[in-house]
Amino acid sequence: MIHTFEMFDKYIALDVNSGCVHELDKLSYDVLNFLDVKGLDPEDDEALFKTIGEFKREYDSEDIAEVIEDLAELKRNDMLWAEDDFEYNDDLKKNAPVKAMCLHISHDCNLRCKYCFADEGQYHSGCRELMSAETGKRAMDYLVRNSGSRRNLEVDFFGGEPLMNFEAVKEIVSYARELERQYDKVFRFTITTNGILLDDDKLEFINREMGNIVLSIDGRKEVNDRVRCRADGTGSYDSIVPIFQKTAQSRGQDNYYVRGTFTRYNLDFSKDVLHLADLGFKQISVEPVVSGEETDYSLREEDLPRIFDEYETLVREYVARKKEGRGFNFFHFMIDLDEGPCIIKRVSGCGCGCEYIAVAPNGDVYPCHQFVGSEEYKMGSIYDECELDRDLRNKFAACNIYSKPDCRDCFAKFFCSGGCVANACLINGSINKPHKLSCEMMRKRVECSLYAKAALAE
Amino acid sequence: MKRIKTLNSASLKKSACKGGCGECQTSCQSACKTSCTVANQKCENEDR
């Protein structure tokens, strides 16, 4: 399968099954598209004959012949029209150990963000609740016990707002460090915070113990404060920017993300990403809002052309700033074409419900943070002696790009690995039916990422 | 090839040989909590 596209001054082809990316001139781009659409093999004489017939008014015959020979060579080397022979990898999650855990340390929050999928911290439970240090420690035991031969274990302190329960965080981290020594494991901690309670003491602990910190901010002050506000309606921007800047600097501008959400309120979100870059942040992620029901901030299909334009505006500036030596990383444009994840990971996806689980404050286990509070998806409890719900686990383990009909013919399938399972469920009621709007945006981001690779390779 | 510049090698098939160790980061633990991007994760297979 081949995907071709034009962006600005570039003609680009992605050979989906080999992962090869080619930058072409106009002639080779036209010839490649012609052969692909007509189903012609560049190694056959028929291809040469028909292509010259098609393009003889625009291009010189010798040039066409040269291009066809180049395309044939790439095909022989499995760099174009490579076969998809990865389907045998589709049951690899079946007995996968647990390696990552989202620990819901606080089902309470000191902000009332309007789009919060976590129901402003309560996760549709109707009550605010903090996880006890004891439950957190039991969760660490559970993770080690179920991690098999996996050495690197990941724990994300999540909420609500995790800093509202920071003493428990410290106790759990300390306990996990003991387990590391005992069982020869490596714990990698992440914490996701809105920053309201972040201070020097907490930052010192986080910098010492956490491999990553995710700092929630949406961009420009007016954009952030419209949705990320306190119970009294006041915005968070002025309180969090200075401590976020300090955090980024204290971590050497690495191993953190400022992470925002864009909604229908700020379809000009490229300005928010660039605003964050102008504030000095080098690691930035701004993602589209996802909402189960339509609200005035929900993204709609009719917004897609505008959103695509914004991604293009963003990637152009992203490339320009990199070339000027003042670049920043944008999470969704970061693709490692040579050293990225193996095909097995790309087929398997995020691993939620088997390799990755979420633990609620009371110890209940769910497939991921977005399922927490949904009784239908409760898999068990870390306090149960018995194993997690086998039917649910098997259902998630069997979910991969080959279990999703919509992914089969999608050029982005080895980049997004079938998309977010929770979004699919929330919007379409099935883990195997990806959210169409998210897919459209993903495909655009992949094109922008490949364009950036080509532009920066000059 | 003067008209075609290839930016990377055909790495996907090769990655299957020693792939699947599972030591790499879970995508949602990095920054995305509501979307999914897997291809920007780093491979952490020491035997690669």
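Modeller: A salt bridge here is a side-chain nitrogen of Lys or Arg within 4 Å of a carboxyl oxygen of Asp or Glu. Keep in mind as we go that this is a predicted model.

Biologist: Thanks! Then which residue does Lys436(A) meet in a salt bridge?

Modeller: Side chains of opposite charge can pair when their charged atoms come close. For Lys436(A), the N to O distance in its salt bridge is 3.2 Å, which is within the 4 Å cut-off, so the pair counts. The partner of Lys436(A) is Glu301(A).

Biologist: How many salt bridges cross the interface of domain 2 and domain 3 of chain A?

Modeller: Let's place the domains to begin with: chain A is divided into domain 1 (2–85), domain 2 (100–333) and domain 3 (399–458). The C-alpha centres of domains 2 and 3 of chain A are 22 Å apart, and their contact takes 20 residues from domain 2 and 16 from domain 3. Across the interface of these two domains, the number of salt bridges is 3.

Biologist: What share of the area buried between domain 2 and domain 3 of chain A comes from carbon and sulfur atoms?

Modeller: Start with the total, which is about 1,700 Å² of buried area between these two domains of chain A. Of that area, carbon and sulfur atoms give 75%.

Biologist: Now for empty space: between which domains of chain A does the largest pocket lie?

Modeller: The largest pocket holds about 770 Å³ of space. Of the 31 residues that line this pocket, the closest to its centre are Tyr257(A), Met334(A), Gln25(B), Asn40(B) and Lys42(B). Two domains of chain A both give residues to the lining, so the pocket lies between domain 2 (100–333) and domain 3 (399–458).

Biologist: Which element gives the largest share of the lining of that pocket?

Modeller: The elements of chain A that give two or more residues to this lining are β7 (186–193), β8 (210–216), β9 (256–262), α10 (304–323) and α15 (436–456). The lining of the largest pocket divides into 10 nonpolar, 12 polar and 9 charged residues. The largest share, 4 residues, comes from α15(A).

Biologist: And the cavities: which element gives the largest share of the lining of the largest cavity?

Modeller: Rolling a probe the size of a water molecule over the atoms shows where empty space is left. The count is 6 cavities of 30 Å³ or more, and the largest cavity holds about 470 Å³. Of the 29 residues that line the largest cavity, the closest to its centre are Tyr115(A), Cys116(A), Phe117(A), Ser216(A) and Arg228(A). The largest share of this lining, 3 residues, comes from β9(A).

Biologist: How many charged residues does the lining of the largest cavity have?

Modeller: Take the classes one by one. The lining of the largest cavity has 13 nonpolar and 10 polar residues. In the charged class, the number is 6.

Biologist: Let's turn to the two chains. How many salt bridges cross the interface of chain A and chain B?

Modeller: In this interface, 82 residues of chain A are in contact with 42 residues of chain B. The two chains bury about 5,200 Å² between them, 53% of it on carbon and sulfur atoms. One salt bridge joins Asp25(A) and Arg3(B), with the closest N and O atoms 3.2 Å apart. Across the interface of chain A and chain B, the number of salt bridges is 7.

Biologist: What separates Asp30(A) and Lys26(A) along helix α1 of chain A?

Modeller: Asp30(A) and Lys26(A) form a salt bridge, with their closest N and O atoms 2.8 Å apart. Both lie in helix α1 (residues 26–38) of chain A, 4 residues apart, so their separation is about one helical turn.

Biologist: Last one: which residue has a positive phi although it is not a glycine?

Modeller: Most residues other than glycine have a negative phi, and most peptide bonds are trans. A cis peptide bond joins Gly159(A) and Gly160(A), with omega about 15°. The residue with a positive phi, about 55°, is not a glycine and lies in the loop between α5 and β7 of chain A. This residue is Asp184(A).

Conventions:
Residues are numbered from 1 along each chain as its sequence is written. Chains are lettered from A and ligands numbered from 1 in the order in which they are written. This is a predicted model: local features need pLDDT of at least 70, side-chain atom pairs count only at pLDDT 80 or more; totals for chains, interfaces and linings use all residues. Side-chain values use heavy atoms; hydrogens and water are left out. On a 1 Å grid over the protein atoms alone, a cavity is a set of points where a 1.4 Å probe fits but cannot get out, and a pocket is an open set with protein on both sides within 12 Å along at least five of seven lines; lining residues have an atom within 4 Å of a point. Grid points are joined across faces, edges and corners, and a volume is the space filled by probe spheres set on the points. Ala, Val, Leu, Ile, Met, Phe, Trp, Tyr, Cys and Pro count as nonpolar, Asp, Glu, Lys and Arg as charged, and the others, Gly among them, as polar. Domain bounds come from an automatic or database domain assignment. Contact means heavy atoms within 4.5 Å. Buried area is the accessible area (1.4 Å probe) that two parts lose on being put together, summed over both.
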